[in-house]
Amino acid sequence: MGPDIFYEMPEYAGEAISVIGVFLLVYFIIILGAMAISITMYLLQSFGLYKIGGTLKIENPWLAFIPVANIYMLGKIAEAAPTVPGKKPRKYSTLLLWLSLATLGVFIIGYVVMIVLAVLTAGTAMSESTAAMGGAVVTVILAGIVWYAAIMGTTITYMVFYYIALHKIFKLFAPENAVLYTVLSIILGIHPILLFIIRKKMPVFENQAYQTV
């Protein structure tokens, strides 16, 4: 007779399966919670920008609900804030939009390049000498460093102007708490909540009459 393929599962195996099941359940709950928080934050920011844009009579405030376009809307609202006399107003809407697209473009292009280099390196490892393989690996590492630096550069630049634009909005609608709101936004990332809170306020133009864009 052949070997008996049916055997009793060890006790520890059942315990391991139970632990894995619990781990997967917790992981699934965490993922769902993170998605729920992300969606809630997105809607809070969208409703806040939509209402503020309407108050300032900015065209097409519904853009606040569209990904990427909502960044443009945030910039348009920031442009409504008074500037220093004689200083040319900065086009935050265009600047933030292009910086966000540049960051996305750098990520996608770099990702494709890294995949191509990884494939070429694998081919070199199977067909070339050790020295050639070492050179290919160094090329991949250097490309990865350049990619990372490019992503960090565009991301940091984008975030700097993003928070400057946010500060202008807070200063326009909640001047007494503008600095506090900006700091909380940078540290805790709760600007969607703060934008939703100030959505019904009227803009405060220092020494100026009410303005619209």
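**Entry 1: Arg199**

I looked up Arg199 and found that this residue lies in the segment after α6. The model I consulted is a predicted one. I then asked whether Arg199 is buried or exposed. Arg199 is buried, yet I found no salt bridge for this residue. I searched for the nearest side chain of opposite charge and arrived at Glu176, which is 14 Å away. A salt bridge requires a side-chain nitrogen of Lys or Arg within 4 Å of a carboxyl oxygen of Asp or Glu.

I next asked which backbone oxygen the side chain of Arg199 reaches. That oxygen belongs to Phe196, and the distance is 2.7 Å.

**Entry 2: the second largest pocket**

I turned to the second largest pocket and noted a volume of about 290 Å³. I recorded 13 residues in the lining of this pocket. Nearest its centre lie Tyr42, Gln45, Asn70, Ile71 and Tyr162. I then asked which elements give two or more residues to this lining. They are α1 (11-55), α2 (69-79), α4 (130-173) and α6 (191-197).

I also sorted the lining of the second largest pocket by class. I noted nine nonpolar residues and four polar ones, with no charged residues.

**Entry 3: the chain as a whole**

Finally, I looked up the elements of the chain and noted six helices and zero strands. Along the sequence I read the pattern α-α-α-α-α-α. I asked what share of the 213 residues of the chain counts as buried. The value I recorded is 30%.

Methods
Residues numbered from 1 in each chain as written. Predicted model: local features only at pLDDT ≥ 70, side-chain atom pairs only at ≥ 80, totals over all residues. Heavy atoms only, no water. 1 Å grid on protein atoms, 1.4 Å probe; cavity = no way out; pocket = protein on both sides within 12 Å on 5 of 7 lines; lining within 4 Å. Points joined across faces, edges and corners; volume = space filled by probe spheres on them. Helix = DSSP H or I, 4+ residues; strand = E, 2+ residues; numbered from the N terminus. Nonpolar A, V, L, I, M, F, W, Y, C, P; charged D, E, K, R; others polar. Buried < 20%, exposed > 50% of the residue type's maximum accessible area, 1.4 Å probe, protein only. Lys, Arg positive; Asp, Glu negative; His and termini not counted. Polar contact = N/O pair within 3.5 Å; in protein donor to acceptor, adjacent residues only side chain to side chain.
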